[in-house]
Amino acid sequence: MLKVQVHGQSHSTRTHHLLFPKPFLHGGEQAFLFITNSRTSSSIKGNKRAQLSSKPSTIKAVASVPKKCIKVKAVVTAKQTIGGMITSLGIERGLDDIKDLLGKTLHLELLSVELDEKTELEKPTVKGYAHRVGKAEGDVKYEAEFEVPTDFGEIGAIFVENEHHKEMFLEDVVLDGFSSGPINISCCSWIHSKYDNKHKRVFFINKYAYLPSQTPEGLTRLREEELVLLRGNGQGERKVGDRIYDYDVYNDIGDPDSSPELSRPVLGGKEHPYPRRCRTGRPRCQTDPLSEKRLRDFYVPRDEAFSEVKQLTFSAKTMYSLFHALIPSLGNVISDAERGFSYFTSIDSLFCEGINMPPLSKQGFWKTMMPRLFKAITDGPDVLRFETPPTMERDKFFWMRDEEFARQTLAGLNPYSIRLVTEWPLTSKLDPAIYDSFSWILYIIYIPFQGMNINFYRMFQAIKRRKLFILDYHDLLLPFVSRVREIKGTTLYGSRTLFFLTPEGTLRPLAIELTRPPMHGKPQWKQVYTPSWNSTGCWLWRLAKAHVLAHDAGYHQLVSHWYAIMVTNTLCHRTFHNRNQEAAQCDASIYRLLHPHFRYTMEINALARESLVNAGGIIESSFTPGKYAMEICSSAYDQLWRFDHQSLPDDLISRGMAIEDLTEPHGIKLTIEDYPFACDGLVLWGIIKQWVTDYVQHYYTDPSLVASDQELQAWWTEIRTVGHSDKKDEPWWPQLKTPRDLIDIITTIVWVASGHHAAVNFGQYSYGGYFPNRPTIARRKMPNEDPTDEEWEIFLQKPESLLLATFPSKLQATKVMAVLNVLSNHSPDEEYIGQDMEPAWAEDPIIKAAFEKFSGRLKELEGIIDERNANKDLKNRCGAGIVPYQFLKPFSNPGVTGQGVPCSISI
């Protein structure tokens, strides 16, 4: 029953201002969506209540039979888009202005949470038009007045219909006039024109976060319809403005119609297992019916696209300029794609002299779009001049040192690959009839150990003492070696690299094993390299390290970064997101918790498919595997990916980098105590888990609610059976029966979208900007692999030249450096974890208090990290020339800072 609170006086008429809206891309709050293609589900046809109530209501705002009513005012806030006055002129714009003047801009309908007691149907809605009353600071205000019967019941939701001919971005609606205070409805979503789509949009009030079993009867049908409407039916091509979330395989990486050389296999299925992406439904290629054409924009559901603010800020502008202007221009300036660097001073010149770039038609384009990369030189030409990375700034020769090579496995860009050696000799899972699985390292290397009166340990003793660690790219890469070597300008080995844990807590590299399988009538070739104290041995060791670093750089991009983030998050999380958008658009509590961690991720995935991981894109043209890069990514998914191991504690345990220990704060004890990524990451993990625990326990007070929540169970089932259908039968999938299960699953999702991604992304320029530290490709084989007399003599005469020839070409290096610079950048509108409270949380005192505690603990983490970086006993993060480990500090200023943990993958 409504409590009466009558407005004392009516509002006077105000001056109407003309509004020229322009499409404003995605906001950032709860959006409860109707899809744009109209269809009726067969599952709804049998619903008597749905059939009766779906007919247009003839009830007006004031009933024909006099009833006691209260006056309610709605204040609607829409976004005035940037530049809209220039881009939206025309006949339709004029018609919209007339509607504004007539007060027919938005049609609103109030929905009750109750059913009619007599008919047991939904109560007729209370309707009214909102008229524009003014604008301020970029927002446009509309108002509507309603007379609501006192027996209408509580307001649970509102219908919005856009009477304009253009879409508009709706921020929020506030209903005032109730004795209990204003009712807030966060929208932050695009409202399509009714001329494009007859479906009305529905938004639920912030006050409620309904579990399915708790949904008021008056809103049940709407919730069920939302589930049907947003799933899509797997048919037709998705268009701009659609809000449909369904699934498809990765069949848009290649472009076979343009060239047979750009044909790529479909990822997803028995032959190439892979997660699923958001379906686009574009026409199939003529030359390969299994692949989609790449002629149109990559579809992203309307509310998942970048906001206009992000579009116009540095990061988005730069990303588009990078892919569509800078990379093609570099290809024109550096005409010889295979030309390398003749001297190390030539590499240094990229940071001091730069590269003269051709002027574009727009004066000052480069400096405007890429101010960090283009430095003004008086009145001279545009110069692409890279900033010196902090690693090189502190120690110009950092990349040559073995201790830094080892340290970066724990505190560098890819801390996810190092693992404990638990068996000896090293074994392989590859077919022994094809690949010799025996490791020669057993006979080559002994472990030097300083301490007490013991000089050497044998392997089994080091393993028993948990002192031996490995980077193992043997099984993953070896099956691709023969195919990659057919590509001009690259080579590949399977590799293993051993490290020993010293008493100081640092790692010392011991040996590198490189393997070439039998190919072209030649037997298998295998060689072990160790640090040496003679000139030839030293140069062979440096070259072997370059190959391992190229392997690690590729693994980082294809697995730790793209695969584990862009795939596990953009697909696994998007499978969460897809289902979440469907089920939880109806104001479900879990959607509100996860929503901040999904912003812009689907847009990033689309951009990556368009320009990064596509056939002939940045990854293929500049990384060792070439056109087989995504097949290796698929192989890694097949061999290595497990959802349960995406949890940080479980990941560390699975790699032997920690053991279970319930006496420790996070239930595990690290194998290497000074492991910067793990030490900081576990604190962040614990903070996230406590926040998720407080949130879930508030809504799921009864443990049985999780198992009985049909939408939640369907959501989790769809993740496994559709989003990851190639792994749906794996026994390691977590069950979802209790609040504790839900807490673990949600914590994992939030961690991967925030902490995991921050750790492997925002240090890319710091550690990869000076590419000899992390070459992305090795272009020459080792000089002692079946050398001719001439090849060996060239190596002996000038080994530096061979190292430079092994590094990426000038074109490859500059392209990757520019990409890493952009990807490492924080946008001015970056949304950091724990920084901003969602509007709906502020209305629940318990959730508000939990979030404030969450935010406070994140601020404390900043201080903890600063203290650790100043601790001289922690050699892996503090010392001469060492860049402090700050990747997991939660907050950051804009720019390339090497710190900051955004809520979601937004770049």
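A search of the whole structure, which I should say at once is a predicted model, finds 41 salt bridges, and I would like to walk through a few of them before turning to a sheet and a helix. Side chains of opposite charge can pair when their charged atoms come close.

Let me begin with Asp348 and Lys396, whose side chains meet in a salt bridge at 3.5 Å, taken from N to O. Asp348 belongs to helix α8, residues 344-352, while Lys396 sits in the loop between α10 (390-394) and α11, so this pair ties together parts that are 48 residues apart in sequence. As for their surroundings, Asp348 is buried, with a relative accessible area of 16%, whereas Lys396 is partly exposed, with a value of 42%.

The next pair is Asp402 with Lys545, where the N to O distance in the salt bridge is 2.7 Å. Here again distant parts of the chain are linked, since Asp402 lies in helix α11 and Lys545 in helix α16, residues 535-584, with their positions 143 residues apart. Lys545 is buried, at a relative accessible area of 5%.

A third example is Lys889 with Asp866, whose closest N and O atoms are 2.8 Å apart; Asp866 is in helix α31, and Lys889 is in the segment after α31 (845-869), 23 residues away. Is Lys889 buried or exposed? Lys889 is buried, with a relative accessible area of 7%, while Asp866, at 37%, counts as partly exposed.

Beyond such pairs there is also a network of salt bridges, in which Asp248, Asp252, Arg277, Arg282, Glu292 and Arg609 are linked.

Let me now move to the sheet, which is open and is formed by five strands in the order β14-β17-β18-β19-β20, with antiparallel pairing. Because β14 (419-420) and β20 (525-529) stand at the edges with a single partner strand each, one side of each is left without a neighbour in the sheet. For β14 that partner is β17, residues 468-472, to which two bridges join it, and within this pairing Leu420 stands opposite Phe469. Helix α11, residues 402-411, which we met through Asp402, packs on this sheet and touches β17, β18 (494-501) and β19 (507-516), its direction making about 85 degrees with that of β19.

Finally, consider helix α22, residues 676-699: at 1.5 Å a residue its 24 residues should span 34 Å, and the end C-alpha atoms are 35 Å apart, which agrees. This helix is mostly covered, with 20 of its 24 residues buried.

Conventions: Residues are numbered from 1 along each chain as its sequence is written. This is a predicted model: local features need pLDDT of at least 70, side-chain atom pairs count only at pLDDT 80 or more; totals for chains, interfaces and linings use all residues. Side-chain values use heavy atoms; hydrogens and water are left out. Two strands pair if DSSP finds at least two bridges between them. Helices (H or I, at least four residues) and strands (E, at least two) are DSSP runs, numbered from the N terminus. Contact means heavy atoms within 4.5 Å. Axes are lines fitted to C-alpha atoms, for helices over the stretch in contact, and angles run from 0 to 180 degrees between N-to-C directions. The expected span of a helix is 1.5 Å times one less than its number of residues. Buried means under 20% relative accessible area, exposed over 50%, partly exposed in between (1.4 Å probe, protein chains only). A salt bridge is a side-chain nitrogen of Lys or Arg within 4 Å of a carboxyl oxygen of Asp or Glu.
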